[in-house]
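Got the viewer open? Let's take a walk through this one, a stop at a time.

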Amino acid sequence: MDSAAIALLIAATLNAGTVLAIAALGLLINERAGIVNLGAEGLMLVAAVAGFATAVHSGSDLLAFAAGAAAGAVLAAAFGVLVIWLNTNQYASGLALSLFGAGLSAFVGVRYTQEKLGPRAHYEIPGLADLPFIGPALFKHHPMVYVALALTVALSWFLYRSRAGLVLRAVGESPESAHALGYPVRRLRLLAVVAGGALCGLAGAYLSVIYTPLWVEGLVAGKGWIALALTTFATWRPARVLLGAYLFGGVTMLQFHLQGQGVQIPSQLLTALPYLATVVVLVLISRNPTWIRINMPASLGKPFHPGS
Amino acid sequence: MLKLEARPQASRAMSIASPLLALALTVGVGVLLFSLLGKDPVRALQMFFWEPLKSPYALSELAVKATPLILIALGLALCFRSNVWNIGAEGQFIVGAVFAAGVAMQATPDTGRWIVVAILIAGVVGGMVWAAVVALLRDRFNANEILVSLMLVYVADMLLGYLVYGPWKDPQGYNFPQTITFLDVTKVPRLFTGLRVNVGLLVALAMVGLCWVFLFRTYAGFQLQVGGLAPQAARYAGFSSRRSLWLALLASGGLAGLAGGLEAAGPLGQLTPYVPVGYGFAAIIVAFVGRLHPVGIVFSAVLMSMFYIGGELAQSRLGLPKSITGVFQGLLLFSLLACDTLIHHRVRWQPKAVSRRAATSPTSEQKAA
């Protein structure tokens with residue numbers, strides 16, 4: 001493999017990791033507030049359709065991203081009201097959201113399976129993009145790739161350096177204490193769930209509008225679930241989420257690369273690689289219970305009823 | 001302002017009324033949806049709730065779809081009751097079908113009818129193997145069973161794809177990704193001539209009885225449920241959570257595998273990439289709507305297969321996408337979870353202004369005194 005091919009592989013890895021990174025950062029916000037959202041897959045599917053449809057009708061990628069984020073936020077809000085105010089089981093409600101999202105996206109999306117988006121814009125960072133090797137690898141990406149990076153930095157700063165982030169973590173660690181201090185625990189949790197849903201939605205729209213760019217039923221293909229696994233893999237730290245996302249992006253790209261090279265491995269085994277990698281990574285991380293618990297929000301998945 | 005107030009005791013009436021209320025809500029949304037799409041809602045409702053019941057043929061088709069749903073949902077109910085979140089039944093179903101097909105393809109024209117038993121056992125083993133991977137990784141390495149079981153669905157799908165595109169491809173199949181059509185001797189016996197419903201339905205109903213006895217009449221079933229409801233009490237009583245984990249996963253994997261075997265050697269008669277049709281995921285809804293109770297599951301499985309058949313009819317007669325089935329399934333589970341709130345809570349109307357004044361100033365009675 002020559003250096004130009006390696007540069008392209010790095011570029012493709014960053015691109016593939018971006019979808020996972022944005023969704024997983026959203027789920028991280030959720031989980032830091034103590035809520036597990038198993039509906040991520042469904043959210044991303046609905047947002048992918050919403051984004052794709054908006055892009056087809058309006059021709060604007062920005063509007064498409066906004067539509068995806070809005071769709072994610074609305075669905076997440078419904079989930080949030082259910083689990084935070086009605087105290088329904090978080091796992092069951094998340095599953096309901098995933099199943100509902102899969103059905104709804106397939107239903108709405110049928111008429112968009114034949115649609116095509118116009119030629120995609122090409123982005124380069126002036127000056128830097130002309131550098132040998134580094135240019136094609138790092139500086140010829142869709143702006144969303146850099147947005148994922150910026151989001152990671154912003155979220156790290158927010159969680160560990162800002163007062164609001166401290167409150168959010170408190171809500172996930174010990175909602176009782178946060179409540180006793182006078183913080184509106186349920187409203188803050190809902191806010192976190194909606195923000196997380198918006199980011200998952202953004203990731204879904206990026207997937208269907210920029211990354212693939214097309215719509216087929218089941219387009220997300222488990223990326224929502226892998227994003228959920230990434231938050232565990234990252235032991236709930238933003239920087240490690242980004243790292244994990246690129247790692248999985250790399251596995252996905254390696255699979256395409258090997259298929260392209262005509263390696264004598266069944267293509268189905270290669271396609272299964274990202275899913276197998278998720279299982280392996282989960283096993284490696286979870287093996288050490290103390291290590292995983294260090295950063296895990298103490299009230300993750302547990303309901304909170306104030307004043308009862 | 002509407003306010004939720006905890007009931008002193010869970011309402012028994014509501015726990016039965018809640019699934020019916022959820023169904024009513026789903027139907028309500030359905031009527032709205034059909035009207036918005038410009039379709040006659042009465043005709044649409046007929047397709048979902050009358051057509052599947054109106055003839056012996058329709059009833060047989062209803063049973064064909066309900067059979068796998070009952071089997072898979074029974075296993076999931078065992079898992080969910082023991083707080084094991086196996087959501088990869090779809091994968092266990094696929095691997096069950098694959099194992100069963102492996103045996104079915106060994107049949108020759110001289111093979112006896114006993115091979116059907118071997119096929120179904122192979123299906124059970126296949127499902128158990130796939131679920132055992134989840135149990136092992138959870139037990140030994142503490143890996144999250146939700147994510148592991150789900151990832152294995154995708155892997156099972158690829159395994160099926162590999163086999164039907166590769167080593168198991170029918171040499172005379174015009175290059176279609178499919179296995180040979182299984183010989184007639186491997187077919188699960190049908191109950192009536194001319195109808196597709198087969199012995200699998202009786203097997204499923206027998207399993208309903210078996211699960212009921214296990215859950216409510218055996219010590220092991222009691223241990224499993226306590227482990228799910230009150231893990232600390234279970235530990236204190238010396239019940240093994242590891243044993244419950246393995247038991248629940250192997251039972252549910254086996255049942256999903258059996259469903260896969262029954263499909264392969266029943267209605268399908270060969271393997272294609274289209275073996276998975278989402279029964280494993282729909283069964284999650286069946287289990288919840290059936291209150292995780294074996295008898296309830298029979299009712300909810302029938303309801304869910306009405307959704308399937310109604311969806312197919314809506315496609316062929318109203319020109320709506322078949323995925324409307326998925327929309328209704330998801331909606332049903334959503335509304336059920338919301339309605340379940342009423343089991344432990346009741347809704348009270350509390351005028352906002354009054355409640356605020358009551359909190360800040362003495363009430364009129366106190367003033368009068």
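For this tour, two residues are in contact when heavy atoms of theirs lie within 4.5 Å. Keep in mind that you're looking at a predicted model.

**Stop 1: one tyrosine**

Select Tyr146(A), which sits in helix H6 of chain A, residues 143–161. Which residues does Tyr146(A) contact once its neighbours within four places in sequence are left aside? Show Ile125(A), Leu138(A), Phe139(A), Lys140(A) and His141(A), and you have them. Now zoom in on His141(A): its backbone nitrogen is reached by the side chain of Tyr146(A) at 3.4 Å.

Is Tyr146(A) buried or partly exposed? Its relative accessibility is 24%, so it counts as partly exposed; buried would mean under 20%. Before you move on, pick Thr18(A) too. Tyr146(A) and Thr18(A) are 128 residues apart in sequence, yet their C-alpha atoms are 8.7 Å apart in space.

**Stop 2: where the chains meet**

Zoom out and colour by chain. At the interface, 40 residues of chain A touch 37 residues of chain B. The two chains bury about 3,400 Å² between them, and carbon and sulfur atoms give 86% of that area. On the chain A side, select Leu99(A), Phe107(A) and Gln268(A): these lose the most area to chain B, together 20% of what that side buries.

How many salt bridges are there between chain A and chain B? The count is zero. Polar contacts do turn up: four residue pairs across the interface, with both residues at pLDDT 80 or more.

Next, show the chain A helices that give two or more residues to the side touching chain B: H3 (61–85), H4 (90–109), H10 (223–233) and H12 (267–286). Linger on H4(A), as it gives the most to that side, with twelve residues. Colour the chain A side by residue type and you should get 28 nonpolar, ten polar and two charged.

**Stop 3: chain B on its own**

Hide chain A and switch to cartoon. Chain B has 15 helices and two strands, and its C-alpha trace spans about 100 × 60 × 35 Å along the principal axes. Of the 369 residues in chain B, 53% are buried.

Turn on a surface for chain B: about 17,100 Å² is exposed, with carbon and sulfur atoms supplying 65% of it. If you draw the contacts in chain B with a separation of 6 or more, 78% of them join residues 24 or more positions apart.

Conventions. Residues are numbered from 1 along each chain as its sequence is written. Chains are lettered from A and ligands numbered from 1 in the order in which they are written. This is a predicted model: local features need pLDDT of at least 70, side-chain atom pairs count only at pLDDT 80 or more; totals for chains, interfaces and linings use all residues. Side-chain values use heavy atoms; hydrogens and water are left out. Buried area is the accessible area (1.4 Å probe) that two parts lose on being put together, summed over both. A salt bridge is a side-chain nitrogen of Lys or Arg within 4 Å of a carboxyl oxygen of Asp or Glu. A polar contact is a pair of N or O atoms within 3.5 Å; within protein, one must be able to donate a hydrogen and the other to accept it, and residues adjacent in sequence count only if both atoms are side-chain atoms. Helices (H or I, at least four residues) and strands (E, at least two) are DSSP runs, numbered from the N terminus. Ala, Val, Leu, Ile, Met, Phe, Trp, Tyr, Cys and Pro count as nonpolar, Asp, Glu, Lys and Arg as charged, and the others, Gly among them, as polar. Buried means under 20% relative accessible area, exposed over 50%, partly exposed in between (1.4 Å probe, protein chains only). Accessible areas come from the Shrake-Rupley method with a 1.4 Å probe; for residues, only the protein chains shown count as cover.
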